[in-house]
Structures are given as structure tokens and as C-alpha cells.
Amino acid sequence: MNFPVTRPRRLRRSEAIRSLARETRLSTHGFIYPMFVCPGQNVRNPIGSMPGVAQQSVDKFLEECREVEQLGIPGIILFGIPDKKDARGSEAYAAGGAVQRAIEAVRRAKLNLLVMTDVCLCEYTDHGHCGIVENGEVKNDPTLELLAAAAVSHARAGADMVAPSDMMDGRVGAIRKALDAAGFEDIAIISYAAKYCSGFYGPFREAAESAPQFGDRRGYQMDPANAREAIREVELDLAEGADMVMVKPALAYLDIIHRVREMFDVPLGAYNVSGEFAMVKAAAANGWIDEKRIVLEILTGIHRAGASIVLTYHAKDVARWLKDS
Ligand code: PBG
């Protein structure tokens, strides 16, 4: 109708014009780099399905943290691999656990890194579920005090923020109450509010050795078919005291990111998870896609959908690319 008066191509003619018209700009400011710490000394176990990512003992982990800091990535999120798993996931809240020691090491080294911790039991339980199991069922309420103990132990070690990822009902409230009671009223909670029961976590379960030994997580993580329920989950977490919320995974859930962004005025994160990362890496290794171009496009898409914080295994690569350009 408006042709030839309106010609959208006028604003695509040169890089200078495109840059003026650009709505979304990727920067390292919103990146959080996920890392896996394990017991021992001088250990580095690469994860086969996640090229570049490894389980590392605290000493090796600290070396990589220096690199992350130098690249201008503002923060990390930590996952721990315990020495020994048990029914109650004891090492999740043990003072000398891998995560707790890793946090202390970052603090001691005075690195300029925001330290976020994943609060969950699945890496620490022998059955691989995110909560206490009784008679083959994951029990909600008895799990809450263990999650709260894990969060407090992270805060005590020096974490800046805790990120509950278990999807038990009421966990944000239980964690908030426990943090406050322990004198950590200033430690923020970024909850995995809308966390879906996703096949995209596959490679992570190799990295964190956290695959459920029976059944699956459908009884606590969200059904991928649901969007309205995500709003309800976010509402609940905010009412319980979450300071920021997350949607996870990212790529198959861009509509959820967008809806949450439209409805709530809190900082919003998205987790670009292990399976999303592995698919890109595998295709790139085969020469089927242009890795740099696709990663930048994916992260721009997540950002454009409304997430200002992105947890991504691509963070170091992207920080390098953005520095070079
Ligand atoms: C722990 C947890 C998981 C992830 C983050 N925290 C796995 C799961 O819920 O099974 C997945 C992260 C990724 O795939 O990169 N509950």
C-alpha cells in the first residue's frame, strides 16, 4: 500500500545505518558463565558432549575464573560434584563441599566476579532426584530445609546470590527465611522460576553426574506444553521473596521469556542450557554451521525476547568475539 513511500530497506543500506536502527545489542554485561567444581587437586575432566567445559578441582577452577574475570564476564554460577552421594545429598550443605570451597577460593583471590550458586540436591543424592525420596516419591516439604541449608552454606562461604533450581513448592520462601535468620538478609535469590522438564538438560547430567536413577523429573519440573503456568510460578516465587527470576531452557521457550518480561518488572534471566550448547558445538564441529554467527544470533534472540541476564556456556567465546570486533 505505502510502496514506494515506505521502503524498509533504506535502513539496511549500510552498517552505519543498520547500527543506528539496531534495537538489541549483545554485550558481556549480562553473561553468567556456568562452572562445575569437583573434589581433588589438579583435576580437569572434560565433558565429552560439552566441548570446552570440564569438571575441575578448586585449583584448576580458580585458574579459569581469572580468565573469566579478564574477559569482562561479570559472574559465574557454580555446580558441585560431591565426593560421595547419599540419600539426603549431604554434601550439598556441607561446609567443606566442593562448591563451598570454590566460593571461598574466589573470595580469597579477591576476584572481581559475582558468584551465584545453583541450589539443588540432584548432584548430591544417590538417587539423582532434586529432593528427598520416600517410597519412590520425591517429597516436597522435607526437602525444603535441606535446600535452605545448602543456600545458607553457600552464603556463609561468600556467595553473592543463590539460584534455587529444584522446583519444589515453597523453596524460595524457605530459603529466604533461612538466609534472613542466619544474618544473610542481603544475599539475593535468583530463582529458576519457570523451569521446564526438558530433554535439553541431557549433557548437563553427564557434567554434573545428576541423572535420576529411576523415573524422571516430570513430577516437579514444568510441562513443556504450559505457558500460563509459568506466570503462576513466577508470581509465586516473587511473592516468596525472589529478587530475580529465570526461564529455563531458553531457545524452545522464547515465548515464555517474552511473556514474563511483559508481565513483571524484575530482572529476568534465561538459561541457554547444555543441550542447546551441545547441538551448536556438534554441528559446528561437522562444519555444518558457522558457529560464531549462530551463537551470536541465538544470544541476540534470547536477549531480544526479554532476558537481560543470560547463563551460557558460550560466554567466554562471545566475550572474545565481542572484544575483537
Ligand atoms: C539442577 C540443574 C539442572 C540444570 C541446572 N540445574 C539439571 C536438571 O534439572 O536436570 C541444567 C543446566 C543445563 O542443562 O545446562 N537441577
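1. A word on terms before anything else: a residue counts as exposed when its relative accessible area is over 50%, as buried when that area is under 20%, and as partly exposed in between. Take Asn42 as the test case: its relative accessibility is 55%, so it counts as exposed. Keep in mind throughout that this is a predicted model.

2. While we're on Asn42, have a look at its backbone. Its phi is near 60°, which is a positive value in a residue other than glycine. You'll find Asn42 in the loop between strand E1 and strand E2 (44-46).

3. Asn135 is another one to click on. This residue isn't a glycine either, yet its phi is positive, about 50°. Asn135 sits in the loop between strand E6 (132-134) and E7. Is Asn135 buried or exposed? With a relative accessible area of 82%, Asn135 is exposed.

4. Now to the sheet, starting with strand E5 (residues 114-119). Five of its six residues are buried, so E5 is largely enclosed by the rest of the structure. On one hand, E5 pairs with strand E4 (residues 75-80) in the parallel sense, over four bridges. If you want a marker for that pairing, Leu78 stands opposite Thr117 in E5.

5. E5 also pairs with strand E8 (residues 161-164), again in the parallel sense and over four bridges. Which residues of E8 partner Thr117 and Asp118? For Thr117 the bridge partner in E8 is Val162, and for Asp118 it is Ala163. Thr117 is a handy residue to centre the view on, given that Leu78 stands opposite it as well.

6. E8 itself is covered on both faces. Met161 and Ala163 lie on one side, Val162 and Pro164 on the other, and all of them are buried. E8 has a parallel pairing with strand E9 (residues 188-195) too, this one over two bridges. There, Met161 stands opposite Ala188 in E9.

7. Next, the connections. E4, helix H3 (residues 98-108) and E5 make a right-handed β-α-β unit. E8, helix H5 (residues 171-181) and E9 also make a right-handed β-α-β unit.

8. H3 deserves a closer look. Its buried residues are Ala98, Val99, Gln100, Ala102, Ile103, Ala105 and Val106. What covers them? The cover includes the two strands of its own β-α-β unit, E4 and E5, along with strand E1 (31-37), helix H2 (58-70) and helix H4 (141-157). After H3 comes Lys110, with a positive phi near 50°.

9. A note on Val138, which is found in strand E7 (residues 137-139). At 21% relative accessibility, Val138 counts as partly exposed, because the buried class takes in values under 20%. Leaving aside neighbours within four places in sequence, Val138 is in contact with His129, Gly131, Ile132, Val133, Met168 and Tyr220. There's also a long jump in sequence here: Val138 and Gly219 are 81 residues apart along the chain, but their C-alpha atoms are 8.0 Å apart in space.

10. If you're browsing for pockets, the largest pocket holds about 410 Å³ of space. How many residues line the largest pocket, and which lie nearest its centre? The lining has 16 residues, and those nearest the centre are Thr24, Leu26, Leu296, Glu297 and Thr300. Helix H10 (residues 291-305) gives the largest share of that lining, with eight residues. By type, the lining divides into seven nonpolar, three polar and six charged residues.

11. Last, two peptide bonds to check by eye. The bond joining Phe3 and Pro4 is cis, with omega about 10°; Pro4 is in the segment before helix H1 (15-21). A cis peptide bond also joins Lys248 and Pro249, with omega about -10°. Pro249 has its place in the loop between strand E10 (244-248) and helix H8 (254-263).

Technical notes
Residues numbered from 1 in each chain as written. Predicted model: local features only at pLDDT ≥ 70, side-chain atom pairs only at ≥ 80, totals over all residues. Heavy atoms only, no water. Buried < 20%, exposed > 50% of the residue type's maximum accessible area, 1.4 Å probe, protein only. Pairing = 2+ DSSP bridges. Right-handed = clockwise from strand over helix to strand, strands pointing away. 1 Å grid on protein atoms, 1.4 Å probe; cavity = no way out; pocket = protein on both sides within 12 Å on 5 of 7 lines; lining within 4 Å. Points joined across faces, edges and corners; volume = space filled by probe spheres on them. Nonpolar A, V, L, I, M, F, W, Y, C, P; charged D, E, K, R; others polar. Contact = heavy atoms within 4.5 Å.
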